[in-house]
Each structure stands twice: as C-alpha cells, then as structure tokens.
Amino acid sequence: MEKRIVVLPGDGIGKEVTKGAVEVLQAVGERFGHQFHFTYGSIGGEAIDTYGTPLPDETIQHCKDSDAVLLGAVGGPKWDTQPPHLRPERGLLKIRKELNLYANLRPTSYYDSLAENSPLKKEYIENVDLLFVRELTGGLYFGKPSERVEKDGKEAVVDTLYYQKSEMQRVIKLAFELAEKRDQKVTSVDKANVLESSRMWREVANEISEQFPNVELEHMLVDNAAMQLVTNPKRFDVIVTENMFGDILSDEASVLTGSLGMSASASLSEDGPSLYEPIHGSAPDIAGQNIANPLAAILSAAMMLRLSFGMQEEAKAVETAVNQVLDAGYRTKDIGRSVNNYVSTSEMINEVKAMILDHEAIMHIMEAYS
Ligand code: IPM
Ligand code: MG
C-alpha cells in the first residue's frame, strides 16, 4: 500500500519522538512492502515563531490532503505569556476542529516489565486494559462565549459548556462499537447530579445502549470515576466521557501502568484523515537532550497503522517489538526506576526498528504474545 502521512513535530520533545515514529514506520514499510510518504508541517510555538500563528492555513490544507497525521507535542514556557489566540495549544484545538477529530482514543495497557514504575501496587494494575474515548471537539473547550465580562459592575468571566445532541451520539456510539470488540462494558462518565449537559449525556448513553444488547452500560459520576481509577482500575473496559472530564481522567489513567511516556492516542475524524499523537506534552525541561521516551509516539504510529490503514499485522508487529524491547530491559529514564544504564531516545528507536526488521525473531515473538 501507499500512504501519505503528514508529520507535525511541534515543540520540545515533539521533534525527537516523532522522528522515532517516522523511522519505525519506515521500518514497517520496508518489512511489509508498503510505501509511506512523509511530509512535514508546522504547528504550535514553532509555527508562531515562523508564521505568526499556531496553525497556518497551509498546515490545515496539507493535513486534509493526507491519509493520516502524526503529531508530536505543542507548547513551552517561551509562549506562556502570549495572548490566548497566540498560544501553541490553540493550534492543537484548531486542528482538532478543522479535521473534525471527534473521538480521542487513549488506551491504557499493562506492561508486566514496567509494573514497578506504577504508583500503584502490582496487584491493582496487573492486566489492566482500559480504553478512554474522550469527546474532542465540543464542551467547554469550544463553547462561546469564553471571555472576561463585566456584570453588575463586577469583574467576571464566562466559559460555555455547549454540546449538540448529535455530538454526544456519535462519540458514545463509537464507544459501544469499540466495547463490542473488547470486554463488552461501557462506563459513561458524567456529572448528572449537577450539570444539565450531563443529564442529556446520560439520556443519550441510555438510548444508544439499546442498539447494543451485548454491551453492559454503567453510569458513573466523574468524581467517583477519578477515585475508582486508582482504587479499582481493573473494573473498567471502555470509558466514554465529554471533553474536559476526558482530559483530566485520561492523564490519571495513563500513569497507572507506568509512565506518561508510554501512552499513545488516536484522534479519529468523522470524515477525513485521523490524527495520532502521544499523550505527553512537549516536556521543555528535557527537550533536545536525547533522553525522551519515544515509545508513546511509536505506539501512536501503531494505532495509525491499525485504525487508519487497516494494517493489523503491521500494528501488531510494532507493539510486539515495543514489548520485546522492554522485556529485554531497555529503558529510557522515565521508565527506568530499576536500571542504572538508561538508553537514549535514539538508542530506543534503533532497538525497536531492529526488532521490526528481524523477521524471524518477530514471528517467533508474535506467537508467544498471541
Ligand atoms: C491533551 C492536552 C490538550 C488538551 C492541551 C494541550 C490543549 O492536555 O491533549 O490532553 O487539553 O486537550
Ligand atoms: Mg490533557
């Protein structure tokens, strides 16, 4: 197959980790006989510096013309004092809206070899396998008005939580479809004891669940969900929730089984190319030092192979290679609690690539993991 991939490295460690994902995809192309064409676009702080905007029109068009987008990370202290429309994060929000990336999939999987990195005891996290489905183009992030106001002579502020019912329906339906292929359980997270938007969310979840008789639906209040994620994460399969709750809870979930540096994500479009990015940010404190963990970006590339290109075997090969490299003891600093010799970003990338290109080894290992 032939695919066009737009890479948006962004800021900080975004550049280093997307380089890893690109090299790994090249290795997959070589190994499985695909041609991946990579072109690069500008987003975030570096786009502000070069073009005066966090998301140039050219980048948007470029992404729309592609088969999939790979993003690194945006942001950094350099741009923290910018006015809101000139913040790097604005570029990320705009690309989500422009590409109609309505569903953000954030899996949390257990790695036996990384169990000691978890803040929780092994017995709580062993075999945790949960998937966040976060609504990504609505809610407080995009509601208007969002501004400072003066009311009754007082300084005040307003942010708007706005959802169309159809926006709830499409993401909740996707959560059920995904759960059907997993452990047949959806936890819908809301704050229905307080918010009207949550009461509509709950209604929609109930309606959709009627189309999926094999999938169990439970409703959970967001504060309770935050607690249960650390006390009993194994109870979850698919968790679906609105934008802001999903932002907060998915960060919490991502560290359960090790490190933010391992957590991949897919932002699925309703009608165009989808976008793949590690959950971690630009980590300016370690940028440029060749010590960042490239595995979240590499695992995001695996999600791209599976979800955008339908390349199951290829995706599995990448995930297996990552598992194998971890089992062999290679650790970047963030996941290296028990080792003295950390590998660098580029060494980690090379190990994963080598594993993918070693056909014999990979076939053998895939059997062991299947
Ligand atoms: C994320 C990030 C973004 C978000 C920020 C950078 C705007 O935290 O992808 O989770 O809040 O969605
Ligand atoms: Mg976040």
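**Two aspartates and a sheet**

Visitor: What does aspartate 251 count as, at 37% relative accessibility?
Guide: Keep in mind that this is a predicted model. Buried would need under 20%, and exposed would need over 50%. Aspartate 251 comes out at 37%, so it counts as partly exposed.

Visitor: Which residues does aspartate 251 touch, leaving out those up to four places away in sequence?
Guide: Start from its place in the chain: aspartate 251 is found in helix α9. Once residues up to four places away in sequence are set aside, the ones it touches are Arg106 and Ile279.

Visitor: And where is aspartate 247 found?
Guide: UniProt, in an unreviewed entry, places a "binding site" feature at Asp223, Asp247 and Asp251. Aspartate 247 touches Arg106, Arg134 and Tyr141, not counting residues up to four places away in sequence. As for its own element, aspartate 247 is found in helix α9, residues 243-254.

Visitor: Which strands are the edges of the sheet?
Guide: The sheet is open, has 10 strands with mixed pairing, and runs β2-β1-β3-β12-β11-β4-β5-β10-β8-β9. An edge strand here pairs on one side only, and that fits β2 (35-40) and β9 (216-221).

Visitor: Which residue stands opposite leucine 101?
Guide: Strand β4 covers residues 101-109, and it pairs with β11 (residues 264-269) in the antiparallel sense over 4 bridges. Opposite leucine 101, in β11, stands serine 269.

Visitor: What angle does the direction of helix α10 make with that of β11?
Guide: Helix α10 (residues 295-307) packs on the sheet, touching strands including β1, β4 and β12. Its direction and that of β11 make an angle of about 35 degrees.

Key:
Residues are numbered from 1 along each chain as its sequence is written. Chains are lettered from A and ligands numbered from 1 in the order in which they are written. This is a predicted model: local features need pLDDT of at least 70, side-chain atom pairs count only at pLDDT 80 or more; totals for chains, interfaces and linings use all residues. Side-chain values use heavy atoms; hydrogens and water are left out. Two strands pair if DSSP finds at least two bridges between them. Helices (H or I, at least four residues) and strands (E, at least two) are DSSP runs, numbered from the N terminus. Contact means heavy atoms within 4.5 Å. Axes are lines fitted to C-alpha atoms, for helices over the stretch in contact, and angles run from 0 to 180 degrees between N-to-C directions. UniProt positions are given in the numbering used here, feature names are shortened, and annotations may be inferred rather than shown by experiment. Buried means under 20% relative accessible area, exposed over 50%, partly exposed in between (1.4 Å probe, protein chains only).
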